[in-house]
Amino acid sequence: MASPILISLDAMGGDHGPSVVVGGVKDYIARYGGEGVRFQLHGDEATIRAEVARNGLPADVCEIRHTDKVVGMDEKPAQAMRRGKGSSLWNAIEAVKLGEAQAAVSAGNTGALMAISKLLLRMAVDGLERPAIVASWPTKRGFTAVLDVGANIGSDARQLVEFAIMGEAFQSAVHGVARPTVGILNVGSEEMKGHDEVREAHAVLRTDAVPVNYTGFVEGHDIAAGTVDVVVTDGFTGNVALKTAEGTARFISGLLKEALTSGPMAKMGALIAMPALKKMARRIDPSSVNGGPLLGLNGIVVKSHGGATAEGYGNAIRVAVDLARSDYLTKVSANFARLSAVLDTAEAAPDEEQTGEIQS
């Protein structure tokens, strides 16, 4: 039997607070059984307890830790770090730091979550600057891990290589891919394409010294095609790609709804096809696969969409549990130790090897 897992939840985070968080716990238990998993909910005790009762959850499943302090969705990270101590977000992450919980989940303020997580948990290894947020992107082959999707606006070559290592370990831990393939998102697949950062990262990753199964550059259309298991990019590009895909999915769903309600015959056909259409809508929308871990921390923190439903929050909990039960942290730490020596050597190499045209 698997070891007991305690998941710490920021019950006040997100657009809906305890109603979705507690509903997410119920959803997780209903879909995945919840055997050996317990929850620590941080926030207003009276509100949380009422939701626990309304959802019919057993008393021994949820421990409630009261606080009336909440980090606002519009607070800046610096403000959250100064004034956030004792808030539901802070306390949820601190439980991981203290070893009470194996992972934390929050649908709260992304910037505040990242800042407080880094402050309390620190980075997994020296030299890492900031966490990266990974998205599980639905594809024809299953799911592709795409990172970073919003934590870092710009990323240098070293960070892109770090993302490759973290994404590879995540894909193995959460989606069960034995040896994930990795690609760098670029404006073309040719080796001379792209800016210096992506070409420098490409040069490092294609060496045997870096422990990932790197295949080269990929383009935007390769993400949904599932050409590789892990797509690496900077947070600006990744976030734009993610929001574009989410908007496109909603646009297509809207067109289908409009077409299938255009007349009596169309409505009859829609009634028959509805289960398949709903399944398709979930497949094409990246936001339906809720739960983006902050990779690179010395601990597990999962970001849920602020507007997630109970089903979506339940999926974020599943991601947290899967990571907590895996060897993700151990594997990442070991690979970073190997990476450090490789990058230090690469950075000391002559400039033409770093910024010149890459030889085939």
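**Exercise 1. Strands S7 and S8**

Task: In this predicted model, find how S7 and S8 run relative to each other and how many bridges join them. Then decide whether the residues of S7 are buried or exposed.

Solution.
Step 1. S7 and S8 run parallel, and 5 bridges join them.
Step 2. Take one residue of S7 as an example: Ile184 stands opposite Phe217 in S8.
Step 3. Sort the side chains of S7 by direction. Thr181, Gly183 and Leu185 point one way, while Val182 and Ile184 point the other way. This fits a general rule: in a regular strand the side chains alternate between the two faces of the sheet.
Step 4. Check the burial. Residues on both sides of S7 are buried. The count is 5 of 5 residues, so S7 is largely enclosed by the rest of the structure.

**Exercise 2. The sheet**

Task: State the strand order of the open sheet and identify its edge strands.

Solution.
Step 1. Write down the order of the 11 strands: S3-S2-S1-S4-S11-S10-S5-S6-S9-S7-S8. The sheet is open and its pairing is mixed.
Step 2. Look for strands that pair on one side only. These are the edge strands, S3 (62–66) and S8 (213–218).
Step 3. Add the twist, which averages 30° from one strand to the next.
Step 4. Examine one pair inside the order. S1 (residues 5–10) and S2 (residues 37–43) pair in the parallel sense, over 6 bridges. Within this pair, Leu6 has Arg38 in S2 as its bridge partner.
Step 5. Place a helix against the sheet. H7 (residues 196–205) packs on the sheet and touches S7 (181–185) and S8. The direction of H7 makes about 155° with that of S8.

**Exercise 3. Helices H6 and H11**

Task: Describe how H6 and H11 cross, and which classes of residue make their contact.

Solution.
Step 1. Two packed helices are described by the angle between their axes and the distance between the axes.
Step 2. Read off both values. The axes of H6 (residues 157–175) and H11 (residues 310–324) come within 8 Å and cross at roughly 105°.
Step 3. Classify the angle. The range from 65 to 115 degrees counts as roughly perpendicular, so H6 is roughly perpendicular to H11.
Step 4. List the residues that meet. From H6 come Phe170, Ala173 and Val174; from H11 come Arg318, Val319, Asp322 and Leu323.
Step 5. Sort them by class: the contact has 5 nonpolar, no polar and 2 charged residues.

**Exercise 4. Ile116 and its surroundings**

Task: Is Ile116 buried or exposed, and which residues does it contact beyond its neighbours within four places in sequence?

Solution.
Step 1. Locate the residue: Ile116 is in H5 (residues 110–121).
Step 2. Apply the cut-off. Buried means under 20% relative accessible area; Ile116 has 0% relative accessibility and therefore counts as buried.
Step 3. Leave aside the neighbours within four places in sequence. Ile116 is then in contact with Ala80, Met81, Leu89, Trp90 and Ile93.
Step 4. Compare sequence and space. Ile116 and Gly84 are 32 residues apart along the chain, and their C-alpha atoms are separated by 8.2 Å.

**Exercise 5. Three loop residues**

Task: Where do Asn298, Arg122 and Asp148 lie, and what can be said about each?

Solution.
Step 1. Start with Asn298, in the loop between S10 (292–295) and S11 (301–303). Asn298 has a relative accessible area of 48% and is partly exposed.
Step 2. Find its contacts. Outside its neighbours within four places in sequence, Asn298 is in contact with Leu121, Arg122, Met123 and Ala124.
Step 3. Turn to one of these, Arg122, which lies in the loop between H5 and S5 (132–139). At 54% relative accessibility, Arg122 counts as exposed. Arg122 is not a glycine, yet its phi is positive, about 65°.
Step 4. Finish with Asp148, in the loop between S6 (142–147) and H6. A cis peptide bond joins Leu147 and Asp148, with omega about 5°.

**Exercise 6. The whole chain**

Task: How many helices and strands does the protein chain have, and what percentage of its residues count as buried?

Solution.
Step 1. The protein chain has 13 helices and 11 strands.
Step 2. Of its 360 residues, 52% count as buried.
Step 3. The accessible surface comes to about 16400 Å², and 55% of this belongs to carbon and sulfur atoms.
Step 4. Among contacts with a separation of 6 or more, 73% are between residues 24 or more positions apart.

Notes. Residues are numbered from 1 along each chain as its sequence is written. This is a predicted model: local features need pLDDT of at least 70, side-chain atom pairs count only at pLDDT 80 or more; totals for chains, interfaces and linings use all residues. Side-chain values use heavy atoms; hydrogens and water are left out. Two strands pair if DSSP finds at least two bridges between them. Helices (H or I, at least four residues) and strands (E, at least two) are DSSP runs, numbered from the N terminus. Axes are lines fitted to C-alpha atoms, for helices over the stretch in contact, and angles run from 0 to 180 degrees between N-to-C directions. Contact means heavy atoms within 4.5 Å. Angles under 35 degrees count as roughly parallel, over 145 as roughly antiparallel, 65 to 115 as roughly perpendicular and the rest as oblique. Ala, Val, Leu, Ile, Met, Phe, Trp, Tyr, Cys and Pro count as nonpolar, Asp, Glu, Lys and Arg as charged, and the others, Gly among them, as polar. Buried means under 20% relative accessible area, exposed over 50%, partly exposed in between (1.4 Å probe, protein chains only). Accessible areas come from the Shrake-Rupley method with a 1.4 Å probe; for residues, only the protein chains shown count as cover.
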